[in-house]
Structures are given as C-alpha cells and as structure tokens.
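Trainee: I should like to learn how to read the contacts of aromatic rings in a protein model. Might we work through an example together?

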Amino acid sequence: MSQHIGSTEDTIVALSTAPGVGAIAVIRLSGDDAIKICNSVFKGKDLEKQATHTLHFGTIRDGEKVIDEVVVSLFVGPKSFTKENVVEISCHGSPFIVKQIIKVLLAAGSRLALPGEFTKRAFLNGQFDLAQAEAVADLINSDSAASHEAALNQMRGGFSEQIRQLREELIHFASMIELELDFGEEDVEFADRDDLKQLINNLLKVINALIESFDLGNVIKNGVPTVIAGKPNAGKSTLLNALLNEERAIVSDIAGTTRDVIEDEINLGGITFRFIDTAGIRETEDTIEKIGVERTQAQMKKASLIIYMIDLANDNVVDFNRDINKLENMGIPFIVVGNKIDKAQPELKAAVETVKGSILIAANTKENLDALKDRILEEVNLDNFKSGNTIVTNIRHYDNLLKTRNALQDVLNGLGNNITGDFLAMDIRQSLHYLGEITGEITTDDLLANIFSKFCIGK
C-alpha cells in the first residue's frame, strides 16, 4: 500500500551530488526499507546482514542487466544523518547511469525525495533543531570564509544554545506565574516582580545584541553590494580591474566609455563584496550614456558601500565639495578615493585628504591598493564576528527576535502598570512562542514546508 506523498514512513531516494557529468555521483536512500530496497537490486554481499558504517563493492542491476559497478555505504539507524536506515550509492557520474539506478530503486519501492526532505527527517527525528537544520543549507551555499564559519557555528548549535538559555529562564518565571493563577483566590505571589523585571531587562540586552548583529550577519551571508562611482574617466574601471586582477571592464581615455553597470564578486578578508563599476556621473545628451548615468544613481541608492573616485589630475575642488555634500545626504557609508596620485593637483589632493578615511591611489599601477582593501574591510566592522559573538544571519530568526523583543517589552510595561498575573503570563507565553519557533520547539506544517522547500533535492 503506497504512503501519502511526503509521508515520513516512505523510503526516499535522490541524487545527493550536483547534477551533471562527473567522476562519481552519490545517490542517497533513507527510510526503514532503505537497506532492503537497495539489497534487492544489488549484487554482492547481502547488505541486510552487514554492520553499520561499512562499504561494499558490487553491481546495481535491472533484472540480469548490469547498470553500473558501485560502492554502497551503509548507515544503520539511528546512527545516520536522518536517524533512519541510510544507504549511499557511489556510482559513475553519468546522468544516464544516475537516472537508471534511481529508476530501479523507485520500482523496488522507494519514492523521490522532496526538496530538503533528508534534512527535514533529521530535524523531525531529533538529530538537531530547526535553526541548525537551516544552517545546513547555509553551509552548502557558503561562498566565503566568513559565511562558512557563521553557518558552521550555527549548525553546531552555538545560536540555538543561546536561544534555549533564554527560553529556560523565561519558562521558570512563567511556571511561577501560572502557579499563582492556580491559587488566585488566596492572593499569593510566587514570582518576585523585581526579579522578573531584572530578568526581562537582561534578556532584552541579549536579544538586542542579536538583533543588531543581523546587519553584519546579512553582509556575511549575502555579501556587500559596493558601488564604484565618480565622474567619467576617473579610473573606476581601472580600479575594478586592479581589484579583480583581470580586464573585466573597458578601459579607455574616452570619457563615458562604461555606459552600463558592470558587476563582479571579490573576496576580501573572508567577506564577499559585490563590486559594481558604473557609468560616470555627468550631464550628457548621449541617450545611451544617459541611461547608464541613471542606472548608476539607482545602484548607488541600493548600495551598502560607495567607493567614490576623484580624478586628482582633472577634477576641481568646487565639484568635489558638491559631490561630498551629495554623498553625505544619501546616508550610505562611503570611501573617497583620490586616483592618479602621480598627477595630482595640490589643491584638490589637499581637499581629498581632509575627508576622514579617504585614500589616495594610482589605480593603473596598483599603488596603495592594499591600503584601500584594508579601508574597505574597516567599513564592514568584523570585530564582533572575530570575537566569537553569535551572529544572526537568517531573516526568519531576525523577525522572530523582533517579535520576542516586543512581547518582552509588553511584559515590562505590564509590570510597570501592575497588571494581573494572567495578562503577564499571556505576554511571557507569547515571548516563549516566538523563541520556540526559531529552534523548532514550536512549529507548524506550513512553517516547515516553507523552510525545507528552499533546500535542494537530495539534502
């Protein structure tokens, strides 16, 4: 009898390695019948009689027809990723072979896994909590040292442990207030209100620090959108090429050469920066160039950091001061970079040096390029990350922390207004609910479906 789609009683199968041609591919099964199903199409040792964490060479067959020579890895539950019986079949990395092996496994009684279903089963079976499960996807998608470290810390439970401690302290007081409600007619007070107020204030300090860490967490996870802007021919494309060490952008002495935005990623100090070289900003009648200038201004408004380049040889102090005023009014962090230091006009050079944190470079010879990289990293402020503090990188966690803070603030307001225990208990329960949603102690089917649908199939 077939199980309901998505049932945890099914044995599931999926390709776990990246699709496409490769030296090997790994096909994973998980479920009570994983070993039995694989054994039915495997010729070699009897897999159902083998110990956990063992490897076995043999062939996968469709009837008498050999599909491929394989190595089968056995993980007998609960000593596996999902805590169920798990089999991983390492075969040759041909898409045709993979398709044929999965086809015979489906015919033998398994079904195709849903996106993220292996990790979802690990969560449902108590292998880790929801925040740790989400970190698995972040770890797979990490593309820099910082995002890798943040995901690994979360997967190992660093963030979850902090949330658990917050909940435990709240649960203690919640139970005391609930006890008061049971003795409502006797007017007794088991939960000291001053102690509760101190606890809430302490919790708010921790939660505020976690909320504030999200700006850095978002940078670590998604990179820093950084716009290189300035007048035409200031050396923007030359700087981008110097940072990339390749001829990515068109470099020419003709003003207005870059007529659109050019984007590339660079890793500095373990952080990914999405550098965008833009069309020069100037008044122009050229229709195509005009579109480029408009796109530049749009990109600048979306940036987290602006590198504003000044042509020390050809710009003037009046225009420079006007540009700095505009940048300050945008409210976006910016670094002023004076380019062509070897040809600098003394007055303009002096004006650039008065701007805090400005850097003088020669992009064509890469002079002072390392100092500029250090200056860019300063803007990210990695001190919190390097000190080992927990960093929030997930928008769902951030949203729940904001809701928790609001609910705790309601508790404080209630204490200040001497409201009754039943209303206090309601606000505390609300705080516990939001914290519990982060780690999965409180879940709904819709929440789980939303989270795991974003995973790749096979994980």
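**Reading aromatic rings**

Mentor: Let us begin with a single residue of this predicted model. Phe214 has a relative accessibility of 9%, so this residue counts as buried, the limit being under 20%.

Trainee: How many aromatic pairs does the structure hold?

Mentor: There are 5 aromatic pairs in the structure. One of them joins Phe214 and Tyr398, whose ring centres are 4.3 Å apart with the planes at 15°; the pair is therefore stacked, since planes under 30 degrees apart count as such.

Trainee: Which parts of the chain does this pair tie together?

Mentor: Phe214 belongs to helix α8 (residues 214–222), and Tyr398 to helix α15 (residues 395–416), so the contact ties together parts 184 residues apart in sequence. As for accessibility, Tyr398 is partly exposed, at 23% relative accessible area.

Trainee: Which values should one read for any such pair?

Mentor: A pair of aromatic rings is described by the distance of the centres and the angle of the planes. Consider Phe452 and Phe455: their centres are 5.3 Å apart and their planes lie at 45°, and this pair is tilted. Both Phe452 and Phe455 are buried. Together with Phe123, they form one aromatic cluster.

Trainee: Where do charged ends sit over rings?

Mentor: Arg28 places its charged end over the ring of Phe118, 5.1 Å from the ring centre. Likewise, the charged end of Lys459 is found over the ring of Phe81, at 4.6 Å from its centre.

Key. Residues are numbered from 1 along each chain as its sequence is written. This is a predicted model: local features need pLDDT of at least 70, side-chain atom pairs count only at pLDDT 80 or more; totals for chains, interfaces and linings use all residues. Side-chain values use heavy atoms; hydrogens and water are left out. Rings of Phe, Tyr and Trp (its six-membered ring) pair if their centres lie within 6.5 Å; planes under 30 degrees apart count as stacked, over 60 as edge-to-face and the rest as tilted. Helices (H or I, at least four residues) and strands (E, at least two) are DSSP runs, numbered from the N terminus. Buried means under 20% relative accessible area, exposed over 50%, partly exposed in between (1.4 Å probe, protein chains only). A charge sits over a ring if NZ of Lys or CZ of Arg is within 6 Å of the ring centre and within 35 degrees of the ring normal.
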